[in-house]
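Good morning, and thank you for the time on today's agenda. Please bring up the sequence and the structure, and I shall go through a selection of local features.

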Amino acid sequence: MGLHNPRGGKKMTPQHHLPADIERTSMGIITAELAARGLAVPLENAAVVKRVIHTTADFDYAENLRFTPGAAAAGVAAMRAGAVVITDTNMALAGITKPGLAKLGGQALCFMADPAVAAAAKAAGSTRAAAAMHRAAREYPGAVLAVGNAPTALLTIADEIESGLRPALVIAVPVGFVNVVESKERLFAVCTQYGVPAIAAMGRKGGSNVAAAICNALVYSAAEMLDPAARGWQ
């Protein structure tokens with residue numbers, strides 16, 4: 001029972017105060033609700049799906065997240081090997097766990113604010129996201145590419161894969177209404193054709209927070225940090 005508030009209503013008493021307890025309880029709720037909804041998530045994909053639902057409170061991701069065969073395992077293996085993660089937004093970059101990456105010897109980068117990328121985009125008449133992914137293909141051909149915003153980044157990655165690029169993993173989760181659905185479908189089809197691991201949020205939903213959540217699920221799995229206590233949380 002909450003405490004009485006003299007100004008009306010009840011004063012809320014938090015169920016938990018410590019971050020680790022909050023996360024554990026949240027994950028328990030997610031697991032129970034997935035079962036109640038009859039949503040069976042393959043064990044190999046569960047850490048990613050649950051982390052995205054934890055980030056968004058949106059159970060649609062249990063159905064719209066698609067994985068090429070072995071994509072989650074490939075992502076974990078890449079993180080364990082000290083992967084470079086390249087994002088299409090600084091927001092996604094900010095959301096990726098730096099202690100987890102550091103433990104694995106990896107790093108995360110974003111080229112969107114680089115003046116050379118802006119100049120390349122202007123010269124080519126393209127977006128900075130496209131220019132950034134061309135740079136990623138040149139400089140970090142085996143990176144994990146995490147796209148949460150720009151459909152043009154996905155289309156560029158698809159073109160690069162057709163030209164021989166083989167990323168460790170493509171995370172394809174832009175959000176929006178223009179070219180979003182089509183870019184995901186093209187990227188996923190190209191990755192499937194060429195055997196490139198991919199995780200995509202089909203449809204309109206996604207975002208930089210989802211891209212970061214997927215990266216974090218893979219990093220935590222690779223670093224044995226899925227339980228918050230392993231991250232130093234109380």
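A polar contact, as I use the term, is a pair of N or O atoms within 3.5 Å; within protein, one atom must be able to donate a hydrogen and the other to accept it. Please also keep in mind that this is a predicted model.

I begin with Glu162. The side chain of Glu162 makes a polar contact with the side chain of Arg186, at 3.1 Å. Glu162 itself belongs to helix 9, which covers residues 151-162. Is Glu162 buried or exposed? Neither word applies: the relative accessibility of Glu162 is 38%, so this residue counts as partly exposed, given that the intermediate class lies between 20% and 50%. Setting aside neighbours within four places in sequence, Glu162 is in contact with Arg186, Val190 and Tyr194. As for Tyr194, its C-alpha atom is separated from that of Glu162 by 7.8 Å, with their positions 32 residues apart along the chain.

Next, the aromatic rings. How many aromatic pairs does a search of the whole structure find? The search finds one. This pair is formed by Phe111 and Tyr140, whose ring centres are 6.3 Å apart and whose planes meet at 25°. Planes under 30 degrees apart count as stacked, and the pair is therefore classed as stacked. The pair links distant parts of the chain, 29 residues apart. Phe111 is in the loop between strand 5 (107-110) and helix 7 (115-124), while Tyr140 is in the loop between helix 8 (128-139) and strand 6 (144-147). The two partners fall into separate accessibility classes: Phe111 is buried at 7%, and Tyr140 is partly exposed at 27%. There is a further neighbour to note here, since Arg135 lies over the face of Phe111, at 4.1 Å from the ring centre.

I turn now to Ile171, which has its place in strand 7, residues 169-172. Ile171 has a relative accessible area of 0% and is therefore buried, the limit for that class being under 20%. Which residues does Ile171 contact, leaving aside its neighbours within four places in sequence? They are Val144, Leu145, Ala146, Val147, Ile199, Ala211, Ile214, Cys215 and Leu218. For Ala146, the C-alpha to C-alpha distance to Ile171 is 4.6 Å, at a separation of 25 residues in sequence.

The next item is the largest pocket, with a volume of about 180 Å³. Its lining consists of Glu23, Arg24, Met27, Ala46, Ala47, Lys50, Arg51, Leu226, Asp227 and Pro228. Two or more lining residues come from each of helix 1 (19-36) and helix 2. Helix 2 provides the largest share of the lining, with four residues.

Finally, some backbone geometry. Ala57 is not a glycine, yet its phi is positive, near 55°. This residue is found in the loop between helix 2 (43-56) and helix 3 (61-64). With a relative accessible area of 64%, Ala57 is exposed. Glu224 likewise has a positive phi, of about 55°, without being a glycine. Glu224 is found in the segment after helix 11 (208-222), and at a relative accessible area of 67% it is exposed.

That concludes the presentation, and I welcome any discussion.

How values were computed. Residues are numbered from 1 along each chain as its sequence is written. This is a predicted model: local features need pLDDT of at least 70, side-chain atom pairs count only at pLDDT 80 or more; totals for chains, interfaces and linings use all residues. Side-chain values use heavy atoms; hydrogens and water are left out. Buried means under 20% relative accessible area, exposed over 50%, partly exposed in between (1.4 Å probe, protein chains only). Contact means heavy atoms within 4.5 Å. Rings of Phe, Tyr and Trp (its six-membered ring) pair if their centres lie within 6.5 Å; planes under 30 degrees apart count as stacked, over 60 as edge-to-face and the rest as tilted. A charge sits over a ring if NZ of Lys or CZ of Arg is within 6 Å of the ring centre and within 35 degrees of the ring normal. On a 1 Å grid over the protein atoms alone, a cavity is a set of points where a 1.4 Å probe fits but cannot get out, and a pocket is an open set with protein on both sides within 12 Å along at least five of seven lines; lining residues have an atom within 4 Å of a point. Grid points are joined across faces, edges and corners, and a volume is the space filled by probe spheres set on the points.
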